[in-house]
Amino acid sequence: MPAQPIEIRPDDARYDALRRGFNQRWIAQPDYVVVATSADDVTAALGKFLSNPANATRRITVRSGGHCYENFVSAKDVGVIIDVSQMNRVHFDEKMDAYCVEAGATNWNSTSQLYRLSGRALPGGSCYSVGSGGHISGGGYGLLSRKFGLTVDYLYAVEVVTVADGKTPKVTVARKDSTDPALRDLWWAHTGGGGGNFGVITRYWFRDLPEPPAQVLLKSVAWKWKGFCKHPDLFKSLVRRYGEFFAHEHAGTGPAFIRKHDYRDMFTLLKLTHVRAGKVGLVVQMDGTGKDAHKRLQAFLDYITEGFSSGSELYIAETALDQQMGEHGPQGQLFTPTRLPWLTATQSLNDSGPNRCGKYKSAYHTQGFTEEQIDAIHRHLTDKSYRHSDALLQVDSYGGAVNDVDTEATAVPQRSSVLKLQYQAYWTWDTDADKNGVFDYRDAERAPSIAAPT
């Protein structure tokens with residue numbers, strides 16, 4: 001008789017940690033958490049759950065890295081959580097002639113192991129602890145995506161524990177070139193259709209993965225809100241010209257330097273924080289192997305900050321990004337453009353931020369910002385009646401190679417976007433609601449507003 005998977009129940013010291021993910025807003029109360037180490041463990045866990053009539057009104061959910069933004073994994077109606085984080089192997093599978101990444105492997109697992117093994121990389125991920133299970137099946141974009149596309153653009157096969165009849169779990173491998181149309185459809189669904197929707201993912205296989213540049217150039221910079229408050233037109237110009245740059249690049253229009261140089265190797269994150277944060281930030285990574293990398297970087301910065309100075313008059317000065325902004329911590333050491341090996345740079349930028357409560361929403365832009373949108377962004381970010389400093393609109397550059405792929409080739413429909421917007425707000429427990437002298441999740445149970453969006 002095969003060994004049964006590990007079950008963590010409420011009387012186990014590990015239960016409190018394993019019933020929650022990264023976002024501390026969501027804390028489930030499952031009957032138990034399954035720590036799966038193989039597809040057989042997943043199959044056994046699904047079979048047990050489905051055979052119990054008491055679970056008819058409850059859900060079974062799956063966690064790899066635990067970075068689910070909402071309560072899809074940890075919620076009150078969850079009966080059992082399957083944790084696949086122990087399934088984190090990365091290797092070359094000779095039988096499949098492809099690189100295998102197990103669903104529990106984090107972005108850092110796959111990045112460091114694939115690169116050391118082969119000199120190749122998945123072109124996704126920017127937060128080290130995000131799990132492959134949900135990240136890849138959602139599309140998988142990151143700092144290399146403008147140069148090489150999405151992670152799912154290289155997906156050859158996926159192993160999923162499915163329950164086609166609603167009763168009997170079985171391990172299914174769906175390939176891009178499967179002869180069975182149903183299996184090809186199942187593969188296609190995992191190229192952006194989301195995690196946990198079609199079964200429990202246990203393994204992925206990839207072919208023809210790209211080679212990241214040996215060296216990349218990093219630059220992190222910030223501008224004080226104090227200056228933007230004096231010159232709101234320059235804040236609006238920064239947002240406008242940032243969007244215009246990537247719209248011009250996509251359309252082949254705009255200034256000659258944009259059309260002359262290839263900027264697909266550059267990925268940027270503009271952090272439009274609330275005024276109470278004190279600074280607005282920008283993080284840039286680009287291929288550092290070319291002799292003109294620093295020149296191209298400076299041309300981009302000059303374009304988006306046009307008007308920040310005039311003659312001897314400096315209106316908005318560059319400063320170091322020396323504070324936490326969203327998921328990224330202080331990066332004062334990158335104020336001067338810094339060339340690093342790609343793996344070292346990835347480790348430097350690969351932050352997930354502290355565990356805390358968060359609310360997120362994403363959107364795609366197929367063009368730059370309209371004046372109405374720019375006015376709305378400025379109005380809300382300078383609203384001093386909003387007293388929470390850790391809120392921001394992060395605007396990631398997008399497009400490039402992502403947009404080279406046909407919209408029907410994968411389940412990802414956003415193949416014409418030039419920007420990806422991420423609305424973010426973070427907060428921590430700061431009320432001792434149960435008067436026991438400490439802040440913890442029990443305070444939120446006593447006063448639910450503590451964990452509510454702020």
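# Exercises on cavities and helix packing

In this predicted model, helix α11 contributes three residues to the lining of the largest cavity, the largest share of that lining.

## Exercise 1. The largest cavity

Determine how much space lies in the largest cavity and which residues line it nearest its centre.

**Solution.**

Step 1. The general principle comes first: rolling a probe the size of a water molecule over the atoms shows where empty space is left.

Step 2. A search of the whole structure yields three cavities of 30 Å³ or more. The largest of them holds about 140 Å³ of space.

Step 3. Its lining consists of 16 residues, and those nearest the centre are Gly124, Gly125, Leu143, Trp342 and Thr346. Two elements, α3 (107-118) and α11 (342-349), each give two or more residues to this lining.

Step 4. Sorted by class, the lining comprises seven nonpolar and nine polar residues, with no charged residue.

## Exercise 2. The second largest cavity

State the volume of the second largest cavity, list the residues that line it, and divide them by class.

**Solution.**

Step 1. About 70 Å³ of space is found in the second largest cavity.

Step 2. The lining is formed by Gly21, Phe22, Asn23, Trp26, Arg63, Gly66, Cys68, Glu70, Val73 and Ser74.

Step 3. Four of these residues are nonpolar, four are polar and two are charged.

## Exercise 3. The packing of α3 with α11

Describe how helices α3 and α11 are oriented with respect to each other, and name the residues that form their contact.

**Solution.**

Step 1. Two packed helices are described by the angle between their axes and the distance between the axes.

Step 2. For α3 and α11, the angle is about 170° and the axes are 11 Å apart. Because angles over 145 degrees count as roughly antiparallel, α3 is roughly antiparallel to α11.

Step 3. On the α3 side, the contact is made by Trp108, Thr111, Ser112, Tyr115 and Arg116; on the α11 side, by Trp342, Leu343, Thr346 and Gln347.

Step 4. The contact contains four nonpolar residues, four polar residues and one charged residue.

## Exercise 4. Two partners of α8

Classify the packing of α8 against α12 and against α10, and identify the residues in each contact.

**Solution.**

Step 1. Helix α8 (residues 232-251) packs with helix α12 (residues 371-381) at an angle of about 125°, their axes lying 10 Å apart. This angle makes α8 oblique to α12. The crossing of the two helices is right-handed.

Step 2. In this contact, α8 supplies Pro232, Phe235, Lys236, Val239 and Arg240, while α12 supplies Glu371, Ile374, Asp375, Ile377, His378 and Leu381. By class, six are nonpolar, one is polar and four are charged.

Step 3. With helix α10 (residues 293-304), α8 forms an angle of about 130°, and the axes are 8 Å apart. Here too the angle makes α8 oblique to its partner, α10.

Step 4. Ser237, Leu238, Arg241, Tyr242, Glu244, Phe245, Phe246 and His248 of α8 meet Phe300, Tyr303 and Ile304 of α10. This contact has seven nonpolar, two polar and two charged residues.

## Exercise 5. The surroundings of Asn109

Locate Asn109, name the residues that Asn109 touches, and give the separation of its C-alpha atom from that of Phe308.

**Solution.**

Step 1. Asn109 belongs to helix α3.

Step 2. Leaving aside residues up to four places away in sequence, Asn109 touches Asn88, Val90, Gly104 and Leu114.

Step 3. Asn109 and Phe308 are 199 residues apart along the chain, and their C-alpha atoms are separated by 41 Å.

Key. Residues are numbered from 1 along each chain as its sequence is written. This is a predicted model: local features need pLDDT of at least 70, side-chain atom pairs count only at pLDDT 80 or more; totals for chains, interfaces and linings use all residues. Side-chain values use heavy atoms; hydrogens and water are left out. On a 1 Å grid over the protein atoms alone, a cavity is a set of points where a 1.4 Å probe fits but cannot get out, and a pocket is an open set with protein on both sides within 12 Å along at least five of seven lines; lining residues have an atom within 4 Å of a point. Grid points are joined across faces, edges and corners, and a volume is the space filled by probe spheres set on the points. Helices (H or I, at least four residues) and strands (E, at least two) are DSSP runs, numbered from the N terminus. Ala, Val, Leu, Ile, Met, Phe, Trp, Tyr, Cys and Pro count as nonpolar, Asp, Glu, Lys and Arg as charged, and the others, Gly among them, as polar. Axes are lines fitted to C-alpha atoms, for helices over the stretch in contact, and angles run from 0 to 180 degrees between N-to-C directions. Angles under 35 degrees count as roughly parallel, over 145 as roughly antiparallel, 65 to 115 as roughly perpendicular and the rest as oblique. A crossing is left-handed if the near helix is turned anticlockwise from the far one by less than a right angle, and right-handed if clockwise. Contact means heavy atoms within 4.5 Å.
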